[in-house]
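Q: Could you take a close look at the salt bridges in this model for me? I would like to know which side chains pair up and where they sit.

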Amino acid sequence: MYDHHQVLKRSLNNAIMSSNHAAAGTGIKGSASNQLYYPTGIFVDMNLDLYVADCGNHRIQLFQSGESNGITVAGNTSLNPTIILKCPSGVILDAEKYLFIVDRENSRIIGSGLNGFRCLVGCYGRGTRSNQLNKPFSFSFDRSGNMFVTDQDNHRIQKFVLMKDSFVLSFNQPKFCSTATWSSNGITSANQSIVGQYPTIIFVNKNNTIYVGNQENNAVVIWQEESVNPTKIISGNFAGLRSLFVTSNDDIYIGDGDKNGRVQKWIAETSTFVTVMNVNSPCAGLFVDIYDTLYCSMPDHHQVVKRSLNDAVMTSNRVAAGTGSRGSASNQLYYPTGIFVDMNLDLYVADCGNHRIQLFQSGESNGITVVGSKSLNPTITLTSPTGVILDTEKYLFILDHSNGRIIGSGLNGFRCLVGCYGEGSQSNQLYYPLSFSFDHYGNIFVTDRWNHRIQKFQLFKESCGTFRMIE
């Protein structure tokens, strides 16, 4: 009852119509744990726990069964606030206990995950476009996971289709268990004669085609995993080849910003180059998200920029993360390198100079330190991370450059996966690795830069019982 600041309940099996009981709230508006202020949407789970969208207090309150005092589970007074709400009006809990919230006055739908809350839809400001909402009030999911929203001030019902991994990813995003392990001894997949001195970037596509930046010869070397010789070498007027990304149609995006100030696209169908982004700095990382937005991390400018590849205007770069001034504040970066954008358009940045991984949730300019000494629950120390990958279970994999290793997250925090025996040239060692990628079988490929080689570390299938690569 919005105007009475209370939630009531009665058993439908009770014949007495005057049998209402207070489920939450005192009937007097307030912000104490036993009070509500304009409650709106409600949800009761299988344990009879009651979730209330406490609109006037800008929070979600959980009233556990039989308790009159609520717990703030979302909002700036919650135990671990990761997002600010403004008059939430709807709340749904899924079977995995993830929360979904209509953030009415911010005109968006948000959801919880392993790293806190992130924006799901309506992440581009209030408006009338198909990717915008205007004071939504209620929402619901259909059987396929699609979301329906009453977009109140736009006088319409909007449907947002759940994105299936199958038709958007060009790279291998595996689904690992928390105990996945790899062989400690690597196999040299390519040596200096193929990838040159100090190889930079590696990318493995869904067909297990391997792409490596040969910085010495300013070329992209391409081969099939089972082959020992390159099947194609693409040369161009590159000035330092530090980043590349390959899309599902085999087009290659190449960072060419050292002197030429651009990102080039090699079109597979015509074997020609076109410029797709102008940048005033080398790109240490490139990524193309599910909506064909191109991201470039610019370490020299301490910023990540992006532009839609569907926008014909070449001057349409926008800031994705960082202020442009180096620093360690939540909205700053210091020599960003590897980047990863997930299905929710959340951006993960290997913030090399700050020795941390920063998560910039969609539409947010302030990042959250998810790995590093200043993270909420630090379990590992990074030194100059240069690569980051997220699997479908939200486990993070990080190239810890100056520690010469790759680490991964699990149920008990982070642990070393490969390169765990100190820097060196042995098969179980790495020496200033720079980039890594997974093949279709879950094996790890690493540019072992100062050893002038590509190392392959095989996944132990039995470490998980079953393994699945997203198709």
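A: Happy to. A salt bridge here means a side-chain nitrogen of Lys or Arg within 4 Å of a carboxyl oxygen of Asp or Glu. The model is a predicted one, and the pair formed by Lys265 and Asp251 meets that cut-off, at 3.7 Å from N to O. Lys265 belongs to strand S22 (residues 262-267), while Asp251 sits in the loop between strand S20 (244-246) and strand S21 (252-256), so this pair links parts of the chain 14 residues apart. Asp251 counts as buried, because its relative accessibility is 6%.

Next comes the pair Arg262 and Asp256, whose side chains meet in a salt bridge at 2.9 Å, N to O. Both partners are buried: Arg262 has a relative accessible area of 18%, and Asp256 has 0% relative accessibility.

Salt bridges with shared partners also join Arg104, Glu105, Arg126 and Lys135 into one network.

Another pair is Asp45 with Lys97, where the closest N and O atoms are 3.2 Å apart. Asp45 lies in the loop between strand S3 (39-44) and strand S4 (50-54), and Lys97 in the loop between strand S7 (88-93) and strand S8 (99-103), so this salt bridge ties together parts 52 residues apart in sequence. Asp45 is buried at 8% relative accessibility, whereas Lys97, at 46%, is partly exposed.

For the wider picture, a search of the whole structure finds 16 salt bridges.

Notes
Residues numbered from 1 in each chain as written. Predicted model: local features only at pLDDT ≥ 70, side-chain atom pairs only at ≥ 80, totals over all residues. Heavy atoms only, no water. Helix = DSSP H or I, 4+ residues; strand = E, 2+ residues; numbered from the N terminus. Buried < 20%, exposed > 50% of the residue type's maximum accessible area, 1.4 Å probe, protein only.
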